[in-house]
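User: Could you take a close look at one helix of this protein, and then set it against the parts around it, with the cut-offs behind each term?

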Amino acid sequence: MTTFGGFSRLFLLCFILFLCYAFITQPGVQAWSKEGHVMTCRIAQNLLEPEASHAVQMLLPDYVGGDLSALCVWPDQVRHWYRYRWTSPLHFIDTPDEACSFDYERDCHDPHGVKDMCVAGAVHNFTTQLSHYREGTSDRRYNMTEALLFLAHFMGDIHQPMHVGFTSDGGGNTIALRWFRHKSNLHHVWDREIILTAAADYFGKDMDLLEEEIEGNFTDGIWSDDLASWRECSDLFSCVKKYATESINLACKWGYKGVKSGDTLSDDYFNSRFPIVTKRIAQGGVRLAMILNQVFGDSQKNTVAAT
Ligand SMILES: *[C@@H]1O[C@H](CO)[C@@H](O)[C@H](O)[C@H]1NC(C)=O
Ligand SMILES: *[C@@H]1O[C@H](CO)[C@@H](O)[C@H](O)[C@H]1NC(C)=O
Ligand SMILES: *[C@@H]1O[C@H](CO)[C@@H](O)[C@H](O)[C@H]1NC(C)=O
């Protein structure tokens, strides 16, 4: 077995490590980073009314101790498993390059053209599934726990501007650039870099402090007057279209604007985009709570679940 001498073995090991690395870092697999999703879900859970809060507790597995945010990244973890491969196109929307608009009929489909398979269709789908929860557990077509986790995750994704991006660059995934001194890409800047830079520069890397400041800004701060309009939703399908439209508009105005492959983004980009990122996390959390309060809450005022 001289062929498996030290060198070949090392080569084989390196090759296996490379495959693992390539798998983990595949472009397009990310969503709001773990941090973004956790903040969105914590903000939402803090705003739940008693009925919704109870339903969420009932649906979560015991081992998370009632903490929805612990499983908000689950859909990212399973999307490459064979059983959940169908969920992969549900994390984003590809819109025509430079169109800067979202048209459900035109854009909400998977790469094979299957209708509704995009993040807007998914939010609608899993909300509708959850709206049957109160009717009892007889409907075994759907797993209500999974529906909750998917909804919670996709409400984050639909608010991340670059998840409703251009087709040819995969929502900025193929726009390679530098974030300050390290290599990154435009999609990842919005998923994670801006959040991590803010946490490091302003909050001593404490995500809880960042989340508290975001919450402070909508309870009693710059966004408190906007809260009612963020929550407004008389027809779920129109609301979902509105969220996606907001994202592509922000992607054009702030995400792509002035950026090309090979650029280095630093202070100017960070300072002007950080407020957009935190506002989208706030909106995602507030609206997730609004939907959960409606589907699990008092049927008298239930409008979202009716659609
Ligand atoms: C809705 O969820 C079901 C599984 O519960 C799935 O089969 C279907 O593809 C989903 N559709 C969308 C648009 O999310
Ligand atoms: C629902 O999905 C969760 C997560 O995949 C799983 O652990 C659970 O067993 C499922 N429940 C049912 C009733 O199939
Ligand atoms: C909260 O609002 C203040 C302005 O009142 C702003 O300076 C700060 O960046 C905001 N923080 C977040 C996390 O959005």
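Analyst: What follows looks at helix α2 and then at its surroundings.

This is a predicted model, in which local features need pLDDT of at least 70 and side-chain atom pairs count only at pLDDT 80 or more, while totals for chains, interfaces and linings use all residues. Residues are numbered from 1 along each chain as its sequence is written, and chains are lettered from A and ligands numbered from 1 in the order in which they are written.

Helix α2 covers residues 34–46, 13 in number, and spans 18 Å from its first C-alpha to its last, close to the 18 Å expected at 1.5 Å a residue; the expected span is 1.5 Å times one less than the number of residues. Helices here are DSSP runs of H or I with at least four residues, strands are runs of E with at least two, and both are numbered from the N terminus. Because 10 of its 13 residues are buried, α2 is largely enclosed by the rest of the structure. A residue counts as buried if 20 or more other C-beta atoms lie within 10 Å of its own, as exposed if 12 or fewer do, and as partly exposed in between, with C-beta atoms placed from the backbone. The buried residues of α2 are G36, H37, V38, M39, T40, C41, R42, I43, A44 and Q45. For the protein, buried residues make up 38% of the 307 residues.

The cover over these buried residues includes α3 (50–59), α7 (144–159), α8 (186–202), α9 and α12, where a contact requires C-beta atoms, placed from the backbone, within 7 Å. Of the contacts in the protein with a separation of 6 or more, 74% are between residues 24 or more positions apart.

Two of the covering helices, α9 (207–219) and α12 (267–296), are also the elements that give two or more residues to the shell around ligand 3. That shell consists of E213, I214, N217, G221, I222, P275 and T278, a residue being near a molecule if its C-beta atom, placed from the backbone, lies within 6 Å of it. Helix α9 gives the most to this shell, with three residues. By class, the shell has three nonpolar, three polar and one charged residues, with Ala, Val, Leu, Ile, Met, Phe, Trp, Tyr, Cys and Pro taken as nonpolar, Asp, Glu, Lys and Arg as charged, and the others, Gly among them, as polar.

Another covering helix, α8, leads to the sheet. Three strands form an open sheet in the order β4-β3-β5, with mixed pairing, where two strands pair if DSSP finds at least two bridges between them. Strands β4 (182–185) and β5 (264–265) stand at the edges, each with a single partner strand, so one side of each is left without a neighbour in the sheet. Helix α8 packs on this sheet, touching β3, β4 and β5, and its direction makes about 100 degrees with that of β4; axes are lines fitted to C-alpha atoms, for helices over the stretch in contact, and angles run from 0 to 180 degrees between N-to-C directions. Strand β3 (residues 176–179) is joined to β4 by four bridges and runs antiparallel to it, with A176 opposite N185 in β4.

Notes:
Two residues are in contact if their C-beta atoms, placed from the backbone, lie within 7 Å.
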